[in-house]
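Please find below my notes on the model, set out as numbered points. They take up one helix, the two domains and the salt bridges in turn.

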Amino acid sequence: MVRTFSLPIPPDQQLRNVGWSWMLGTDTLPYLTNEVVVVKPEETDAYYGAVSQLFEMLVEAGQHVIDNNRFSELGIPQNLVELIRFSWNDDRHIQLYGRFDLAGGIDGQPIKLIEFNADTATCIPETAVVQNAHLRANGLDEEQQFNTVYEMLVEQFREVLEQNTDLQPTLMLSSMRGFPEDDSNVAVLGEAAREAGFTVDFEYIDKVEFSVEEGLFKQNPQNGQFDKFDFWFKLLPWEYIGYEEPDLAHILTEAVRQRKVMVLNPAYSLLFQSKYILKVLWELYPYHPLLLQTDSKPLTDRPYVEKVLFGREGANVRILDERGNVQAEAEGEYGDYPKIYQEYVDLATDAAGNRYQAGVFFAGEGCGLGFRRGGIILDNGAQFVGHLVE
């Protein structure tokens, strides 16, 4: 049974005190709970060790896909393959961060990989800032968390600068218009980048200018001039660029090759983002204790989960029993993508029957834990629950 502990004072004032009142927007706080999940130090150590091992395994799986030219199996658009290969083979292109979604790890349950959000992972503000402020607001020691997300993001941005001294330390952050949650995630990344030494600006993607020969620009509203940025972080999925914006895929491929711009996360993060990589992992590491059996065809001897290769927030997920009868399903807009089939695993539950899935951020190393709470399929209505180590 998952043990939770109620912290009656919300983090609102703490966030205002540190100048993060922008996090009090309508899209951020309603789904935060006043409870925290109580975890033991050895459980956070196990999460840290698991994601370190899983990331190494993912790198091996990515290399296997490249060596064996298996991009189409992963659903990767052909027009991004060149850029994926290029960014993979150039060590200056750093995976800035990602988030592992894991079953188990608490209440004595073994840790199992559900998927790795490698490209446009969200929940940064909640994990890095809000749950920490929640402890402080209630007079608890902020060290009682597995949470160095912000500090490790700063270190990752510093590493990006150190590896790319031929480029100017100018960073443009972009998200799509109309998604306040995305804006909040990008804002935390911007703070970390500034602390690391970047000059940072923001522009919605539809206003960013791209050029094969010159790179990436934003029109300065003060003087009408176009300011150039040598680094671009985009909260826009790579597969969307490949499938829906082929001209942009071409421009970015050429501009990155010519060192006119560097994109974060790099194109090779799409190797990890495709859920087909879960099948490749099972091929390379069959019956590994951190993995769930995954195949390109339905499993016939156990309950399983049907997922689309590039779904997000539980969309288009179906849970089926070993006879193929649907037990639960979620609607979504990703139904045209190919599917994979992963062994079903029960999530840990609390006394009220709520299910808990751990999210562990990886930024150079495992650096932060948070939980999503909801029903049998965790969709965009799931709540975020912080944690307390004791």
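1. Helix α3 in this predicted model covers residues 81-89, and its buried residues are V81, L83, I84, S87 and W88. Viewed along the axis of α3, the buried residues lie within an arc of 165°, so they line one face of the helix. These buried residues of α3 pack against four elements: α2 (41-67), α7 (238-244), α8 (246-257) and α9 (269-273).

2. The protein chain is assigned two domains, and domain 1 is made of two stretches, 4-275 and 346-389. Domain 2 spans 293-343. Taken over C-alpha atoms, the centres of domain 1 and domain 2 are 24 Å apart.

3. How many residues of each domain are in contact with the other? Domain 1 contributes 21 residues and domain 2 contributes 16. The area buried between the domains is about 1,400 Å², and carbon and sulfur atoms give 56% of that area. On the side of domain 1, the residues that lose the most area to domain 2 are E239, K275 and I377, which together make up 43% of what that side buries.

4. The polar side of the domain boundary can be listed briefly. Between domain 1 and domain 2 there is 1 salt bridge, and 5 residue pairs are in polar contact, counting pairs with both residues at pLDDT 80 or more. On the side of domain 1 that touches domain 2, the elements giving two or more residues are β4 (112-117), α7 and α9. Of these, β4 gives the most, with 3 residues. A salt bridge is also found between K307 and E115, whose closest N and O atoms are 3.1 Å apart.

5. The structure holds 25 salt bridges. One of them pairs R3 with E390, with 3.1 Å between the closest N and O atoms. R3 is in the segment before β1 (4-6) and E390 is in the segment after β20 (383-389), so this pair ties together parts that are 387 residues apart in sequence. R3 is partly exposed, at a relative accessible area of 48%, and E390 also counts as partly exposed, at 48% relative accessibility.

6. Helix α6 (residues 180-196) holds E191 and R194, which are 3 residues apart and separated by about one helical turn. An α-helix has 3.6 residues a turn, so residues three or four places apart point the same way. E191 and R194 form a salt bridge, the closest N and O atoms lying 3.6 Å apart. E191 is partly exposed at 33% relative accessibility, and R194 is partly exposed at 43%.

7. A pair with the same spacing occurs in helix α8, where E254 and R257 are 3 residues apart, about one turn of the helix. E254 and R257 form a salt bridge with the closest N and O atoms 2.8 Å apart. Is E254 buried or exposed? At 16% relative accessibility, E254 counts as buried, the cut-off being under 20%. R257, in contrast, is partly exposed, with a relative accessible area of 37%. Elsewhere, R70, E73, K279 and E283 are joined into one network by salt bridges that share partners.

Technical notes:
Residues numbered from 1 in each chain as written. Predicted model: local features only at pLDDT ≥ 70, side-chain atom pairs only at ≥ 80, totals over all residues. Heavy atoms only, no water. Buried < 20%, exposed > 50% of the residue type's maximum accessible area, 1.4 Å probe, protein only. Arc of directions from axis to C-beta. Contact = heavy atoms within 4.5 Å. Domains from an automatic or database assignment. Buried area = accessible area lost by both parts, 1.4 Å probe. Salt bridge = Lys/Arg side-chain N within 4 Å of Asp/Glu carboxyl O. Polar contact = N/O pair within 3.5 Å; in protein donor to acceptor, adjacent residues only side chain to side chain.
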